[in-house]
Amino acid sequence: SGGPQAPTVLLCGCSGGQLALWATRPEVKSLAVLQEEANEVYAVDWNRTGKLFATAGSDRHVRVYEEGKLLLTFGTRTEGHVNRVSALRWSDTSPDILVTGGWDNTVKVWDVRHGTTGRPVRSIFGPFISGESLDVQGQTILTGACRLTEQVQTWELGTGKLLRTLSWPAREDGTREEPMVYACQFSRLTEKYFAAAGSSTSEAYAFSQHSWLPVGGLRGLSSVLYCCDFSPMGDELAFAGARSEKRR
């Protein structure tokens, strides 16, 4: 994850619990390495100011760092996640709001201003998230679930209300094979599209945020797709998965 206000700094999380901060310009070099004991780091993200970053993983806790130092830890009480956390995303409009999701079929909204309580400000039950299938745009949360029905949904950030559920596109012959979704994301800046990709069918699509109909897609891929990412301007979209297969 690259810092919004410091795009030359790269943050990496590792299964061994390491967090690595790298400078990418003018030359690639290591800035710092941190260690989260007894944790596998599955997700990292910077907040919109680039002053805070958060991590989550196998130990179910959500940690927030400031200037490379641990600021607070969410989820140490019963109100936290009860299984591994595989995705997290900061709000793109508020530097204090963080959203997480994982294997406990729950999406949680946290506010760092209430950090001393260790409790989420909101919980949404439903999506089983296993991968980079969580995003936030304005007051809307996008989730992609690792299941064969109601995979892609949007929720209202302020209330947790379900807004919409995607009907996965049918094939040209009219048949529909449902995938398990491992990745989804809103387009940046333009706010016109969102993308989703996953397993079973090994398909990937970009959808219109207005009509929720596909505007483009990939079918017949030879491997499961685990991640997707829009370019900063939102005019390009990349997918990647198993077997070193990448598409743009």
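Helices (H or I, at least four residues) and strands (E, at least two) are DSSP runs, numbered from the N terminus. This is a predicted model, in which local features need pLDDT of at least 70, side-chain atom pairs count only at pLDDT 80 or more, and totals for chains, interfaces and linings use all residues. Residues are numbered from 1 along each chain as its sequence is written, and side-chain values use heavy atoms, with hydrogens and water left out.

**Exercise 1. Describe the overall fold of the chain.**

Step 1. Take the secondary structure. The chain has 22 strands and zero helices.

Step 2. Check the radius of gyration, taken over C-alpha atoms; the globule rule is 2.2 Å times the number of residues to the power 0.38. A compact globule of 248 residues would come out near 18 Å, and the chain has 18 Å, so the two agree.

Step 3. Add the dimensions. Along its principal axes, the C-alpha trace spans about 55 × 45 × 30 Å.

Step 4. Look at contacts (heavy atoms within 4.5 Å). Of those between residues at least 6 apart in sequence, 40% join residues at least 24 apart.

**Exercise 2. Characterise burial, surface and charge.**

Step 1. Set the classes. Buried means under 20% relative accessible area, exposed over 50%, and partly exposed in between (1.4 Å probe, protein chains only). Buried residues make up 48% of the 248.

Step 2. Turn to the surface. Areas come from the Shrake-Rupley method with a 1.4 Å probe; for residues, only the protein chains shown count as cover. The chain exposes about 12,000 Å², and carbon and sulfur atoms supply 50% of that.

Step 3. Count charges. Lys and Arg are positive, Asp and Glu negative; His and the chain ends are not counted. Each charge is placed at NZ of Lys, CZ of Arg, CG of Asp or CD of Glu. The 26 positive and 27 negative charges have mean positions 1 Å apart.

**Exercise 3. Work out the state of the cysteines C184, C228 and C12.**

Step 1. Apply the cut-off. A disulfide is a pair of cysteine sulfur atoms within 2.5 Å. The structure holds zero disulfides.

Step 2. Inspect C184. Its nearest cysteine sulfur, that of C228, is 6.8 Å away. C184 counts as buried because its relative accessibility is 2%.

Step 3. Inspect C228. C228 is buried too, at 6% relative accessible area.

Step 4. Place C12. This residue is found in strand β1 (residues 9-13). With a relative accessible area of 25%, C12 is partly exposed. Beyond residues up to four places away in sequence, C12 touches Q18, L19, A20 and W22. V44 is 32 residues from C12 along the chain, yet their C-alpha atoms are separated by 7.3 Å.

**Exercise 4. Find the unusual backbone geometry at P26, E67 and W212.**

Step 1. Recall the norm. Most residues other than glycine have a negative phi, and most peptide bonds are trans.

Step 2. Go to P26. The peptide bond from R25 to P26 is cis, with omega near -5°. P26 sits in the loop between β2 (18-23) and β3 (29-35).

Step 3. Go to E67. Its phi is positive, near 55°. E67 lies in the loop between β6 (62-66) and β7 (69-74). At 74% relative accessibility, E67 is exposed.

Step 4. Go to W212. Its phi is also positive, about 65°. W212 lies in the loop between β18 (204-208) and β19 (214-218). W212 is buried, with a relative accessible area of 11%. Leaving aside neighbours within four places in sequence, its contacts include V152, R164, F194 and F207.
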